[in-house]
Amino acid sequence: MRASPEFHVEIDHIRKHYDRLSFLYRLFWGEHLHHGYWDADLSSAQAQVRLMERLAERARVPRSARVLDIGCGLGGSAFWLADQFDCTVTGMTISPVQARMANKKATARGLSDRVQFQVKDANQWQPEPESVDMVWIMDSSEHFRNKKEFFKRCASVLKPGGVLAVCAWLRRDGPPVSEDEQKLVATIGEAMLSASLDGLSDYQRWMQEAGLIVDVAEDITRYVERTWEQCTRMSERPPIKYLLCLTSASTRRFVRSFPLMKQAYAEGAMAFGLFVARKRFVH
């Protein structure tokens with residue numbers, strides 16, 4: 001079993017990144033800060049909704065569920081789950097700016113009684129056992145350091161029969177084929193502020209070791225890889241180029257990694273996984 005590569009990324013850097021760029025994200029990406037899923041001729045915004053739909057379909061989201069959305073960003077998934085399934089959602093983000101923006105939107109939409117956002121570090125999170133029906137994680141587990149222990153906490157917070165629904169960036173499920181591939185993944189990992197990038201089989205094993213039954217562990221890379229074509233095209237717009245000149249070196253490095261993500265998906269160095277796991281009922 002090969003150890004997953006870890007990158008030199010400080011939690012405070014991740015917090016500052018999202019605090020600093022959340023307004024820019026919302027301006028150009030909207031409220032959904034995650035990949036899109038193209039199984040038809042869709043716009044980027046439609047494809048982002050389609051990815052949520054796909055995960056919800058596989059997870060069989062129960063109506064009126066109590067949901068914990070870990071790495072909630074600007075609240076896009078939380079609002080969508082509340083609208084589509086009448087869920088009560090608590091969003092968790094490391095960014096005070098994101099939490100403030102999302103809570104303001106919840107109030108404006110009249111959803112503050114059912115959708116709330118908290119500032120918490122998922123790496124330090126201590127859950128209330130058996131308190132939610134579903135844990136939803138969309139494109140955020142890459143930032144978490146000890147994923148094995150993290151998934152144990154996810155299992156703990158779920159009620160019996162509860163579901164864990166995850167979409168995640170992955171590295172190749174197996175050893176890199178070359179030193180160039182290793183360097184490519186390391187460059188992306190550090191630019192994208194990932195604590196580590198892990199394989200599909202790693203995620204599946206950690207969920208099983210946490211006592212969960214894994215229903216779905218699916219590589220959906222070919223449906224989501226167009227995301228990075230869109231991001232690269234967006235980053236080349238004159239207003240974005242101008243704004244980037246005014247930002248930090250780490251932000252410019254982040255944006256320069258967009259075409260590298262496209263390359264890594266195309267070459268198989270990285271992948272994108274969809275996972276659904278359930279907590280056993282106690283008889």
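Start with S77: in this predicted model, S77 counts as buried because its relative accessibility is 6%, and the cut-off for that label is under 20%. The residue belongs to helix α3, which covers residues 76–85. Leaving out residues up to four places away in sequence, S77 touches H32, M52, D69, W136 and M138.

One of those partners, D69, deserves a visit of its own. D69 sits in strand β1, residues 66–70. Its relative accessible area is 2%, so D69 is buried. Beyond its neighbours within four places in sequence, D69 is in contact with S77, A78, V89, T90, G91, M92 and W136. The pair D69 and M92 is 23 residues apart along the chain, with 6.1 Å between the two C-alpha atoms.

Now step back to the whole chain. You will find twelve helices and seven strands in it. Of its 283 residues, 52% count as buried. Among contacts with a separation of 6 or more, 80% join residues 24 or more positions apart. The chain exposes about 13,000 Å², and carbon and sulfur atoms supply 50% of that area.

Next, look at strand β7, residues 270–279. How many of its residues are buried? Ten of ten are, so to speak, under cover. In a regular strand, side chains alternate between the two faces of the sheet. In β7, one side holds M270, F272, L274, V276 and R278, while the other holds A271, G273, F275, A277 and K279, and both faces are covered.

Two strands pair with β7, as the table shows.

| Strand | Residues | Bridges to β7 | Direction | One bridge pair |
|---|---|---|---|---|
| β5 | residues 158–171 | nine bridges | antiparallel | L164 with A277 |
| β6 | residues 212–219 | seven bridges | antiparallel | D219 with G273 |

Strand β7 also helps to cover a helix, α6. Helix α6 runs over residues 179–191 and has 13 residues. From its first C-alpha to its last, α6 reaches 18 Å, close to the 18 Å expected at 1.5 Å a residue. Which residues of α6 are buried? They are E181, L184, V185, I188, G189 and A191. Their cover includes α11 (249–256) and α12 (258–267) along with β7. Just after α6 comes L193, which takes a positive phi of about 60 degrees.

Technical notes: Residues numbered from 1 in each chain as written. Predicted model: local features only at pLDDT ≥ 70, side-chain atom pairs only at ≥ 80, totals over all residues. Heavy atoms only, no water. Helix = DSSP H or I, 4+ residues; strand = E, 2+ residues; numbered from the N terminus. Buried < 20%, exposed > 50% of the residue type's maximum accessible area, 1.4 Å probe, protein only. Contact = heavy atoms within 4.5 Å. Areas by Shrake-Rupley, 256 points an atom, 1.4 Å probe, with all protein chains shown as cover. Expected span 1.5 Å × (residues − 1). Pairing = 2+ DSSP bridges.
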